[in-house]
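Work through the exercises below with the structure open beside you. Try each task before reading its solution.

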Amino acid sequence: MSLTDTADASTGLAFGDEPSTVQENSSMDVSTSDIPETAVGQPLVSDPKMTMRNVDVFYGEKQAIFKVNLDIARNEVIAMIGPSGCGKSTFLRCLNRMNDTIVDCRVGGQIELDENSIFDAKLDVVSLRARVGMVFQKPNPFPKSIYENVAYGPKIHGLASGRTELDEIVETSLQKAGLWDEVKDRLQEPGTGLSGGQQQRLCIARAIAVSPEVILMDEPCSALDPIATAKIEELIAELSENFTIAIVTHSMQQAARVSDRTAYFHLGYLVEVNDTETVFTNPSHRLTEAYITGRFG
Amino acid sequence: MSEVKSTIEKVNAGLGKRYRSEKMFQWFGIISICFGLLCVLALFFDIIGKGHSAFKHHSIEIPIMFDADKLGITDINDTKQIYSANYDGVIKASLRELFPNVSGRTEKRKLYKLVSNGSYLTLQKMLLEDPSLLNQTTEVQLITDDDIDTYLKHFVGKESEFERIHAEQVEWLATLREEGRLISHFNTVFFQAGDSREPEQAGIFAALMGSFYTLIVTLCLSFPIAVAAAVYLEEFAPKNKWTDLIEVNINNLAAVPSIIFGLLGLAIFISFFGVPRSTPLVGGFVLTLMTLPTIIISSRAAIKSVPPSIREAALGIGASRMQMVTHHVLPLSLPGMLTGTIIGMAQALGETAPLLMIGMIAFIVDIPGSVTDPATVLPVQIFLWSDSPERAFTEKTSAAIMVLLAFLIAMNAFAIYMRKRLEKRW
Ligand SMILES: Nc1ncnc2c1ncn2[C@@H]1O[C@H](COP(=O)(O)OP(=O)(O)OP(=O)(O)O)[C@@H](O)[C@H]1O
Ligand SMILES: [Mg+2]
């Protein structure tokens, strides 16, 4: 895959010995004055799955996200990158209103899923989360059996009419998550007894068991070793055929490998959105370039 | 390179001191634990030493002739007659028969004092159960008077130290022992009877039942209320000044002296709402007030200890808040809640002061049959007995403490067992 190769080549700089000329530039000012009013690149698409307009997020008095405009296309994988603390998780958590659970977190602006506002009083947050599922940074299986973990979502949403149907959902979800072969003989064992990578795939199986339309993943591989990471990345590629996926990642290689588009966040602003290839080979904005060449972050 | 070395040297130089302080701290801890253990052991030795003899009692086996004439029974089917029959006369006759040489009023009175003055109840019960005993002679074990029992337990051979026994009685008892009529047995009366003015007839069963009913009322009220309060405060209540105020007040309540709750119960439950005084019902109300803060605080701690990642996981796949609480938070925090509840119950079981205020200090002979019967509770019974001068009551006080301690230990052990069993690792 040429995309991966080029991305690796361009980001390779960040991890190898950088030429001294770049070093000189690295002292450049990265203050807010460099941040564009609207994101450069192509934040908007036609026929989007989700749209965000002028999204602000406040934690108490402190603003964490500033006026973000972004569309997520159908069945795409969009990666969100940016320095630590720039608001990637915060932004992601807006999309299924997980921020509601945080005391004094306030979200402003418009977010639509299939052209319906997710803040609409008619739309229940429970059904929103069934449609927009989430996988967290740290694997967090319930302290129940593997089966129960996957079956929980379908059970509370009444997706299965009987035991056999439920069994079927559990099996296909585990298969889609690439975990079935490893756990099919021990479905009744606790999910917390699995390895970290298996637990994360279990959490993915749990998320896809309710057949969401969008899956949000917040650094799903940050707690995993390279082999487990590779498995999850493969899985993301497979899942992207049926689901829309928004993934936050710290690894630029990962963003390059799995995503169709990449969004770069900086200090709560969306700076640049473009095709992943474009972002990594030919970034339009200075800050994006500085970040992917490893000059800060 | 030299700088690295000097760091290591510095660390090494400080190591000795670090180890020493660690050792010292360990020793300090060990000494504290030993001290605590010693105190507990001393308490146990003292109480068991004083109280173990209360679990035994002496009886005298005498042949009893259920003489219809003496008893004054004309119709055996008339239970009224059986209840009011003259059993004392029959017992006295039997004793006189055993010791025909005894003469004179005072002598005889000493002889009759060998057995408990409640012995007639034994005969009454026998006759009620088996009317065919009438006009028959059977061997009956009658429990001894408390002074006789005390003598037999502690002063045989040291008669001069115990002035409540008479020389003649010592002789008679020696004869009885030779004849094999003196029997030492497990003190069933202690576990079956209510309180009594006569130590040999006094038991803790009424107090036990009182404690049982009181605790049931307390548990039924405090557990659901406390869990509901804890869940609401932790999971649903907005965090603002009001909930802060509530939190402070709950913590304050936990520190309020228990006697205040007694006064409150007297003023509100008894005077205002007219709940009958001296009953387990009002006792349970008062103890509920007292244990609520304990259970609320421990339940909140248990709920807090459920990792937020579990909540996020549940919410993230679309569980409602209520589902998150009932499916995940409650099952995971239940062990902690139960532990808190049982510790609260143990506290309530040992509580005395507030119950004195609401009249649960009454002299209760009858076994309470429901939560609205007048009752007393174990610690109050201990308090009552410890006030009595008879040596037999001193012994019973310690025995009752042993029973109370046994219940407390059992409850705490159960709490630990429940926590271990229900605890889930993640
Ligand atoms: N619960 C919270 N309360 C208050 N401030 C918060 C909270 N969560 C995040 N923030 C703040 O919001 C900003 C964005 O945080 P966020 O977690 O979204 O960053 P991130 O891009 O995900 O960082 P990382 O890559 O390290 O995960 C940070 O400045 C952070 O301090
Ligand atoms: Mg984050």
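**Exercise 1. A sheet in chain A**

Task: Find how strand 2 and strand 5 of chain A pair, and place them in their sheet.

Solution. The model is a predicted one.
Step 1. Strand 2 (residues 48–59) and strand 5 (residues 105–113) of chain A run antiparallel to each other and are joined by eight bridges.
Step 2. To locate one of the bridges, go to Phe58(A), whose partner in strand 5 of chain A is Arg106(A).
Step 3. Now widen the view: the sheet in chain A is open, has four strands in the order 3-2-5-6, and pairs in the antiparallel sense.
Step 4. Its edges are strand 3 (62–73) and strand 6 (116–117) of chain A, each with pairing on one side only.
A general point helps here: strands of a sheet are held in pairs by backbone hydrogen bonds, and the pairing can be parallel or antiparallel.

**Exercise 2. A hairpin**

Task: Describe the link between strand 5 and strand 6 of chain A.

Solution.
Step 1. Count the bridges: strand 5 and strand 6 of chain A have two, in an antiparallel pairing.
Step 2. Identify a bridge partner: Glu112(A) is matched with Ser117(A) in strand 6 of chain A.
Step 3. Look at the turn: the two strands make a hairpin with two residues between them, and Asp114(A) in this turn has a positive phi of about 50°.

**Exercise 3. Chain A as a whole**

Task: Summarise chain A by its secondary structure, burial, contacts and surface.

Solution.
Step 1. Chain A has twelve helices and eleven strands.
Step 2. It has 297 residues, and 54% of them count as buried.
Step 3. Take the contacts in chain A between residues at least 6 apart in sequence; 70% of these join residues at least 24 apart.
Step 4. The exposed surface of chain A is about 12600 Å², with 48% supplied by carbon and sulfur atoms.

**Exercise 4. A sheet in chain B and a helix across it**

Task: State the strand order of the three-stranded sheet in chain B and say which helix lies across strand 1 and strand 2.

Solution.
Step 1. The sheet is open and antiparallel, with its three strands in the order 2-1-3.
Step 2. Strand 2 (137–143) and strand 3 (182–186) of chain B are the edge strands, each pairing on one side only.
Step 3. On average, neighbouring strands in this sheet are turned by 40° against each other, direction ignored.
Step 4. Strand 1 (residues 56–65) of chain B pairs with strand 2 of chain B over seven bridges in the antiparallel sense. In one of them, Glu61(B) has Gln141(B) of strand 2 as its partner.
Step 5. The helix lying across strand 1 and strand 2 of chain B is helix 6 (residues 119–129), which runs at about 140° to strand 2.

**Exercise 5. Two helices in contact**

Task: Describe how helix 14 and helix 15 of chain B pack.

Solution.
Step 1. Geometry: helix 14 (residues 308–316) and helix 15 (residues 321–350) of chain B pack at an angle of about 145°, and their axes are 9 Å apart. The crossing is right-handed.
Step 2. Residues: helix 14 of chain B contributes Ile310(B), Arg311(B), Ala314(B) and Leu315(B), which meet Arg321(B), Met324(B), His328(B), Val329(B) and Leu332(B) of helix 15.
Step 3. Sorting: this contact has six nonpolar residues, one polar and two charged.

**Exercise 6. Burial in chain B**

Task: Is each of Ile204(B), Thr218(B) and Glu234(B) buried or exposed?

Solution. The cut-off for buried is under 20% relative accessible area.
Step 1. Ile204(B) lies in the loop between helix 9 and helix 10 of chain B. Its relative accessibility is 0%, so Ile204(B) counts as buried. Outside its neighbours within four places in sequence, its contacts include Phe190(B), Leu378(B) and Trp385(B).
Step 2. Leu378(B) and Trp385(B) are among the buried residues of helix 17 (residues 378–386) of chain B. The buried residues of that helix pack against several helices, including helix 9 (188–192) and helix 10 (205–236) of chain B.
Step 3. Thr218(B) is in helix 10 of chain B. Thr218(B) is buried because its relative accessibility is 0%.
Step 4. Glu234(B) is also found in helix 10 of chain B. Its relative accessibility is 15%, so Glu234(B) counts as buried. Among the residues Glu234(B) touches, beyond four places away in sequence, are Lys239(B), Arg300(B) and Lys304(B).

Note on methods: Residues are numbered from 1 along each chain as its sequence is written. Chains are lettered from A and ligands numbered from 1 in the order in which they are written. This is a predicted model: local features need pLDDT of at least 70, side-chain atom pairs count only at pLDDT 80 or more; totals for chains, interfaces and linings use all residues. Side-chain values use heavy atoms; hydrogens and water are left out. Axes are lines fitted to C-alpha atoms, for helices over the stretch in contact, and angles run from 0 to 180 degrees between N-to-C directions. A crossing is left-handed if the near helix is turned anticlockwise from the far one by less than a right angle, and right-handed if clockwise. Contact means heavy atoms within 4.5 Å. Ala, Val, Leu, Ile, Met, Phe, Trp, Tyr, Cys and Pro count as nonpolar, Asp, Glu, Lys and Arg as charged, and the others, Gly among them, as polar. Two strands pair if DSSP finds at least two bridges between them. Buried means under 20% relative accessible area, exposed over 50%, partly exposed in between (1.4 Å probe, protein chains only). Accessible areas come from the Shrake-Rupley method with a 1.4 Å probe; for residues, only the protein chains shown count as cover.
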